[in-house]
Amino acid sequence: MYERKILPNLNCGLDLIGEVLYGKWKIRLLWFINEGHLRPSELQRKIPDATRRVLNIQLKELEEHELVSKVIYPVVPPKVEYSLTDFGKTLIPVISVLGNWGDENGERLQSVIMKRYTSESSEKDEL
């Protein structure tokens, strides 16, 4: 497993939030847990592009940062559920604002994102 060699810079709020939310699926995991999708299999269905392993790693990191809590029920087969902590719930309004901004600027964002992929493919064609 990857081990960090350089300590993170934690001198400002943006550094702190980046350290906690860095990861492709973390914001979506928090959002879906807030919406009631508590089981790992439900989260996997909501985010089909993510592997189970990556989701488990990111859920563990969210748990370590005290944004989610994990309950393991003593049944066979094992049952696991995640829920937002009170601390994690404070992020939901922030995530909602980010999502609304993305919705309001969706066309422009899609255009600039896709421009990168079309320029990469045209550069490959030139080679």
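1. In this predicted model, E66 is exposed, with a relative accessible area of 55%, and the residue sits in the loop between α4 and β1. Its backbone deserves a careful look, since E66 has a positive phi of about 65 degrees although it is not a glycine.

2. A second backbone feature is found in the loop between β1 (68-73) and β2, where P77 is located. The peptide bond that joins V76 and P77 is cis, with an omega of about -5 degrees.

3. The largest nonpolar core has 21 residues, and those that touch the most other members are L29, L30, I33, I47, L67 and V68. At least two residues of this core come from each of α1 (13-21), α2 (26-34), α4 (52-64), β2 (79-84) and α6 (92-104), and α2 gives the most, with 4 residues. In soluble globular proteins, nonpolar side chains tend to be buried together.

4. Leaving aside residues up to four places away in sequence, L29 touches L43, I47, L55, Q58, L59 and L62.

5. On the surface, V112, I113, M114 and Y117 make a nonpolar patch of about 390 Å². V112 belongs to helix α7, which covers residues 106-126, and is partly exposed, with a relative accessible area of 43%; this residue can count towards the patch because its value is over 30%.

6. As for annotation, an unreviewed UniProt entry lists residues 12-110 as "domain: HTH hxlR-type". In the model this span is 61% helix and 12% strand, and its end C-alpha atoms lie 30 Å apart.

Definitions and conventions: Residues numbered from 1 in each chain as written. Predicted model: local features only at pLDDT ≥ 70, side-chain atom pairs only at ≥ 80, totals over all residues. Heavy atoms only, no water. UniProt positions renumbered as here; feature names shortened; annotations may be inferred. Core = buried A, V, L, I, M, F, W, Y, C linked by side-chain atoms within 4.5 Å. Buried < 20%, exposed > 50% of the residue type's maximum accessible area, 1.4 Å probe, protein only. Contact = heavy atoms within 4.5 Å. Patch = residues over 30% accessible without salt bridge, like charges linked within 9 Å, V, L, I, M, F, W, Y side chains within 5 Å. Areas by Shrake-Rupley, 256 points an atom, 1.4 Å probe, with all protein chains shown as cover. Salt bridge = Lys/Arg side-chain N within 4 Å of Asp/Glu carboxyl O.
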